[in-house]
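Colleague: Please take one strand of this model and look at it closely, beginning with its partners. After that, set it against the rest of the assembly.

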Amino acid sequence: MKWEVVIGLEVHVQLNTVSKIFSGASTAFGAEPNTQASLVELALPGVLPVMNKAVVDKSIRLGLALDATINQKNIFARKNYFYPDLPKGYQISQMELPIIEHGKLAILVGEEEKVIRVTRAHMEEDAGKSLHEDFHGLSGIDLNRAGTPLLEVVSEPDMRSPEEAVAYAKALHTLVTWLGICDGNMQEGSFRVDANVSVRPFGQAEFGTRREIKNLNSFRFLEQAIKYEIQWQIDTIEDGGKIQQATVLFDPDSGETRMMRSKEDAHDYRYFPDPDLLPVRISSEQIDTIRAAMPELPGQMKARFAEAFGVSAYDAALLTSSLAQAQYFEAVASATGQGKLAANWVNGEIAARLNREGLDIAACPIAAERLAGLIVRIADGTLSNKLAKQVFDALWESDLGADAIIERDGLKQVSDVGAIEKMVEEAIAANPKAVEEFRAGKEKALNALAGQVMKASKGKANPAQVQDILKQKLTQA
Amino acid sequence: MINATLKQLSQQLTAGQVSAVELATAYLDRIDALNPALNAFITVDRDKTLAEALAADARRAAGQAGLLTGVPIAHKDIFCQQGWKTSCGSKMLDNFISPYSAHVIEQCQAAGLVTLGRANMDEFAMGSSNENSFYGAVKNPWDVNAIPGGSSGGSAAAVAARLAPVATATDTGGSIRQPASHCGVTGIKPTYGVVSRFGMVAYASSLDQGGVMAQTAEDCALMLNVMAGFDERDSTSLERTCEDYTRDLAQPLAGLRVGLPREYFADGLAGDVGRIIDNAVAELKKLGAEVVEVSLPNTQLSIPAYYVIAPAEASANLSRFDGVRYGHRADEYKDLVEMYEKSRAEGFGSEVKRRIMVGTYVLSHGYYDAYYIKAQKIRRLIANDFAAAFAGCDVILGPVAPTAAFNLGEKSGDPVQMYLSDIYTLSVNLAGLPAMSVPAGFADNGRPVGLQIIGNYFGEAKMLNVAHQFQQVTDWHSKAPAL
């Protein structure tokens, strides 16, 4: 049987506010345990939550970027359950009237654009952390993370493959970092993904029973976990089994998902409006003010790049995978007037080199104007592609500009017809066998001769000219 | 001196007739002598009190004294106070020394009031008789066989027995007014949001409101000037300009429209209590007040609505008492769940457990709409009833409780009977209105009875005006029990 995969994602986006959602305690990551837990996070008797308004502003930014409805009346609810890292015994979250509803986010599937619907996004506080190691059979509690503001972004079950799920997660990650509302650091848990996965026979209208994979903190794990889960569900059904609704965890070591709790163990969270917090009302003026300050969004910039610089949709998508990347490209493209060339270099050499060295574009040793210097010399024929790569390597290692490197290393491409003719003649004279083969109709022999010429020129001869002149000389004689 | 009002003590301190240390010592000595029989205090700490008194005297010597600097006060054990055990009447917090102070405590300390001790109360403010305290029941100073009322029974008994001239208290469903009535003292519960709840251990957050008890309305007004005011640490604290609550005390009552809700004088009100309220109304008429009948038709529904909403909020508010970070933790347990279960089973008393269970039930999936949502709708109707009533009157008068104080043990086995005695006080909290209890006479069994005055939103000054004028022509408030 052919199976269709259905995936919906719930993403916990940590908002990068200075202080916590309901107290003035710092949200900085990595401090000594419990040094960033105020009376509020410790849930001492008598303490009360006070809303951090910056959380609302940042949430509105995402809502606008998702072209969503911003609810102007927001209610916080208590979600009740006991766990040691949840000091109050309830999490303050939103149930009815979340701040964002009915949004949409475009992803690229191959060359096709697909729109994923965002059901809702609600504001809530993060829990602390339970530390189960180093305490000799006991557990330690670190409340530094407790009260960190989260925006939980819930999608519709619109994705039909692990690749689409990853594309959506990446697009959302791009957007929240682009907007400057989240640092995007997945290792530190700033962007955590839960995946709801089900399968159904192709053509069936009803969804299959879903299982939720919790807390995936990298795109690679997201893809691996979904792939494993899909196969597990298909195997289970084909073996005559039934999928039971459950929450599962992904183990990156084994690459498998395993059951955390079944539907029977599901909590009754007993949501009710938190009487300690008044409804948060958002005025139309507040939304308008935030809208006016919105940056150009990845989707808009993508379209503009295609239009203004003639780059392909695929390249434009890659170039707008982060704001820093897009700005870098635009600087290079504008300075050189060579959009396609700039796109090739930014998406090619630069991306590969950064990836190899584990660097972010922001930390790229070649600033945009230095890459522009290189691209200008490619465009004007000074450098062949081969020489350009040599210059690129030198740019990466030094602070010199492209021209200075070309000068220093004598890498200027030789396009002087006389000089090339001389080298070609020498090559023809020195390789009679190849000449014979070419004349006998073996086209490949030309490449061998061209290679000799390039070698003689130490790679500096203009390859196109070498080809032309070679052909000319061989057919003339 | 021991019978002096706050106002008189303030004058004596200002005139240099007495020092804060002398005052504190006199009250501490009286507490030592009488508290063993009354059990009004959970914690008394002579050293701490005298240190505060010394500081108050020093402040006065430096010319930095305020009106109430050096006046002693008892604090209900629900207000977190730095360095003091803050038990909330519970075994759960028997080991909890608060590392911070409530807004109310900070305000009192800024005014220079001297802490006499921590007043007993029903566990987590749940109760109408003060029999639910882990530290034992408080006795009514007028009759040690009678309950003092609850949950602020320790505060009321302390003021009535002159163990303190003034005491802080809280009111979630009548916990200031009912014990004030039963002990013959004056108590005020302000409009919801007037006094910050920061540092007040939460019972039912949407109903809890801090207030005060003293001998007179004037003293209550002076104290409200200290306690009220916006506090950004409480999101439900109201941001409004400060009022002088004494400003209208001397206003004549001519033309005052007094509403009598017919539902408050129906079946269930004891005859002697009814006569006392009638007499009080007659006194006010003599002062020029005009009586109008009003109706609060949903009064009966206040009991089920309150006993859904308050336990629902309490069930979540009390989840933080889990034995993990502070408070009682069981000695032995085999895993996390057993630690929770045993710590909470041992740490909470039976009334607290009952309300946590009721609250958990009414919020459960499938029951939420039928109980919690329904109760919220009733709450709205009750507020509407008051709004309609206040269209035709300035204050509403009635009894505080159906009877004078009942006997200790009389209703402790029957929670529903106990809940029914809250009939005249619950609606006020559900609507968020201010209300007072003012001593108005004695029942046939010799126990005090209070008159309830209910004001419109922010009508504290008006209520205090009515109470003060009443106290100018009556002397019920200055009667003290023989001890």
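Modeller: Strand 7 of chain B runs parallel to strand 9 (residues 395-399) of chain B, and two bridges link them. Two strands count as paired here if DSSP finds at least two bridges between them. Helices (H or I, at least four residues) and strands (E, at least two) are DSSP runs, numbered from the N terminus. One bridge to strand 9 of chain B can be placed exactly: B:Val258 is partnered by B:Val395.

The model is predicted, with local features requiring pLDDT of at least 70 and side-chain atom pairs counted only at pLDDT 80 or more, while totals for chains, interfaces and linings use all residues. Residues are numbered from 1 along each chain as its sequence is written, and chains are lettered from A and ligands numbered from 1 in the order in which they are written.

Strand 7 of chain B also pairs with strand 8 (residues 290-294) of chain B, again in parallel, through five bridges. B:Pro261 has B:Val294 of strand 8 as its bridge partner. Between these two strands the chain passes through helix 8 (residues 271-286) of chain B, and the three elements form a right-handed β-α-β unit. Right-handed means that, with the strands pointing away from the viewer, the path from the first strand over the helix to the second runs clockwise.

How enclosed is strand 7 (residues 257-261) of chain B? Four of its five residues are buried, so the rest of the structure largely encloses the strand. A residue is buried if 20 or more other C-beta atoms lie within 10 Å of its own, exposed if 12 or fewer, and partly exposed in between, with C-beta atoms placed from the backbone.

Strand 5 (residues 186-189) of chain B is another covered strand. B:Thr186 and B:Ile188 on one side, and B:Gly187 and B:Lys189 on the other, are all buried. Its pairing is antiparallel: three bridges lead to strand 6 (residues 209-214) of chain B, and three lead to strand 10 (residues 435-442) of chain B. B:Thr186 is bridged to B:Ala214 in strand 6, and B:Gly187 to B:Ser437 in strand 10.

Two backbone features of chain B fall in the loop between strand 3 (114-119) and helix 5 (153-160), where B:Ser151 sits. The peptide bond joining B:Gly150 and B:Ser151 is cis, with omega about 5 degrees. B:Phe124 occupies the loop between strand 3 and helix 5 as well, and has a positive phi, near 50 degrees, although it is not a glycine. B:Phe124 is buried, with 31 other C-beta atoms within 10 Å.

A:Lys458 in chain A also has a positive phi, about 55 degrees, without being a glycine. A:Lys458 lies in the loop between helix 15 (444-456) and helix 16 (463-476) of chain A, and is exposed, with 11 other C-beta atoms within 10 Å.

Next comes the packing. The largest nonpolar core has 263 residues, and A:Ala195, A:Val391, B:Ala158 and B:Ile453 have the most contacts inside it. Such a core is a set of buried Ala, Val, Leu, Ile, Met, Phe, Trp, Tyr and Cys residues joined through C-beta atoms within 7 Å. Its largest share, nine residues, is supplied by helix 3 (residues 162-178) of chain A. Beyond its neighbours within four places in sequence, B:Ala158 is in contact with residues including B:Ala40, B:Phe41 and B:Ala74, where contact means that the C-beta atoms, placed from the backbone, lie within 7 Å. Another core, of 13 residues, lies apart from the largest one and has A:Val424 and A:Phe438 among its members.

Finally, the chain interface: 25 residues of chain A and 34 residues of chain B take part in the contact. On the side of chain A that touches chain B, helix 1 (39-42) and strand 4 (77-80) of chain A each supply at least two residues. That side has 17 nonpolar, three polar and five charged residues. Ala, Val, Leu, Ile, Met, Phe, Trp, Tyr, Cys and Pro count as nonpolar, Asp, Glu, Lys and Arg as charged, and the others, Gly among them, as polar. A:Val40 belongs to helix 1 of chain A, and is buried, with 23 other C-beta atoms within 10 Å. Strand 4 of chain A is joined to strand 5 of chain A by four bridges in the antiparallel sense, with A:Lys79 partnered by A:Gln91.

Key:
Two residues are in contact if their C-beta atoms, placed from the backbone, lie within 7 Å.
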